[in-house]
Amino acid sequence: MTELYFDLKHLSYAYADGTEALTDISLQIPKGKKIALLGHNGAGKSTLFQHLNGILKPTDGSISFCNEALSYSRKALSALRQQVGIVFQDADNQLFSGTVKQDIAFGPLNLGWSQEKIEEKIAWAVAQTEVESLLDKPIHFLSVGQKKRVAMAGVLAMEPSVLLLDEPTAGLDNYYAAQLLHYLAKLENGERTFLLATHDIALAYEWADQLIVMEAGKIIYNGDPVELFYQEKLLELAHLERPWVFEITLALQNKKLFDGNMSMPRSKEDLQRLIEQL
């Protein structure tokens, strides 16, 4: 039986003005998975993330984490947020210390770890996100991309079991956007689960084990990353385009250059290898 981190049942959420942000969402999030959330702005991706981290409380329905119903006491939320880390789309929403090192250290310092362990975890998180040269810089001197990497380092230093990444490539240049997949690959341990909300369809297609598509606060697709892009009506409804790797492969299949029953390539490298075999 698949072990779960989260089990959401009939989750709904409405803002104070009555706006329905999430409607009747039932979703299971297993251990050891890479899951990408797709959907246009306002589809509900960020609101869903804020429920998983306990920032928002459902209007209706239930959420359980590791088979325990979420509790919203200060102590329970602190324990949840150690295990479920979130990197916001706007890093300014979570950076508040004077310098980069102080900000990365904030979470570990509040976990009661030994000083040796704190330093070890900070050093590891700094290395993963390549922010060594920024440690003594004031936060307000950083670029948007640098702030995003520092925010990620602060979350990683707490060793979360679930990592929520809200538009992690927004504001990053091409190098650091490409490096994101390398960062995440280093963090895979068979137990940790990643949820990545993104507009970068090519990244989601290449990286994810599972794709979730949201539209108007509802989940309209939850399943295999390849199968999604055969469903033209669903793509139109969600305003999604096919990844270029998928489009080119389909074109080559239509020209009878590729076997129509072959496994679809998921990356540029996969496609190049297939072309070289022609």
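Two strands count as paired here if DSSP finds at least two bridges between them. By that rule β1 (residues 4-14) pairs with β2: 7 bridges join them, and the two run antiparallel. Keep in mind that this is a predicted model.

**The sheet**

Let's start with the strands. Four of them, in the order β2-β1-β4-β5, make up an open sheet with antiparallel pairing. At the edges sit β2 (20-30) and β5 (68-69), each pairing on one side only. If you want a handle on the β1 and β2 register, look at L11, which stands opposite I25 in β2.

Here is how the pairings of the sheet line up:

| Strand pair | Bridges | Sense |
|---|---|---|
| β1 and β2 | 7 bridges | antiparallel |
| β1 and β4 | 5 bridges | antiparallel |
| β4 and β5 | 2 bridges | antiparallel |

For β1 against β4, a good residue to click on is L8, whose bridge partner in β4 is I63. Moving on to β5, S64 has A69 as its bridge partner there. As for side chains, in a regular strand they alternate between the two faces of the sheet.

β4 and β5 are also joined as a hairpin, with 2 residues between them. One to check in that turn is C66, which has a positive phi of about 50 degrees.

A helix comes into the picture here too. Helix α1 (residues 45-52) lies across β1, β2 and β4 (60-65), and runs at about 120 degrees to β1.

**Helices around α5**

Now for the helix packing, where α5 turns up twice. Take α4 (residues 115-129) to begin with: α4 and α5 pack at an angle of about 145 degrees, and their axes are 8 Å apart. The crossing, as α4 passes α5, is right-handed. On the α4 side the contact involves W124, A125, Q128 and T129, while α5 puts in R149, M152, A153 and L156. Sort those residues by class and you get 5 nonpolar, 2 polar and 1 charged.

The other partner is α6 (residues 174-187). Its axis and that of α5 (residues 144-156) come within 13 Å and cross at roughly 5 degrees. Angles under 35 degrees count as roughly parallel, and α5 and α6 are therefore roughly parallel to each other. From α5 the contact uses R149, M152 and L156, and from α6 it uses Y176, L180, Y183 and L187. By class, this contact of α5 with α6 has 6 nonpolar, no polar and 1 charged residues.

Notice some familiar names: R149, M152 and L156 of α5 touch α4, and R149, M152 and L156 also touch α6.

**Backbone oddities in the loops**

Two loop residues deserve a look on your Ramachandran plot. E167 has a positive phi of about 50 degrees although it is not a glycine. You'll find E167 in the loop between β7 (162-166) and α6.

Is E167 buried or exposed? The cut-off for buried is under 20% relative accessible area; E167 has 6%, so E167 is buried.

A216 is the other one. Its phi is near 55 degrees, a positive value in a residue other than glycine. A216 belongs to the loop between β9 (210-215) and β10 (218-223). The relative accessibility of A216 is 49%, so A216 counts as partly exposed.

Definitions and conventions
Residues are numbered from 1 along each chain as its sequence is written. This is a predicted model: local features need pLDDT of at least 70, side-chain atom pairs count only at pLDDT 80 or more; totals for chains, interfaces and linings use all residues. Side-chain values use heavy atoms; hydrogens and water are left out. Axes are lines fitted to C-alpha atoms, for helices over the stretch in contact, and angles run from 0 to 180 degrees between N-to-C directions. Helices (H or I, at least four residues) and strands (E, at least two) are DSSP runs, numbered from the N terminus. Angles under 35 degrees count as roughly parallel, over 145 as roughly antiparallel, 65 to 115 as roughly perpendicular and the rest as oblique. Contact means heavy atoms within 4.5 Å. Ala, Val, Leu, Ile, Met, Phe, Trp, Tyr, Cys and Pro count as nonpolar, Asp, Glu, Lys and Arg as charged, and the others, Gly among them, as polar. A crossing is left-handed if the near helix is turned anticlockwise from the far one by less than a right angle, and right-handed if clockwise. Buried means under 20% relative accessible area, exposed over 50%, partly exposed in between (1.4 Å probe, protein chains only).
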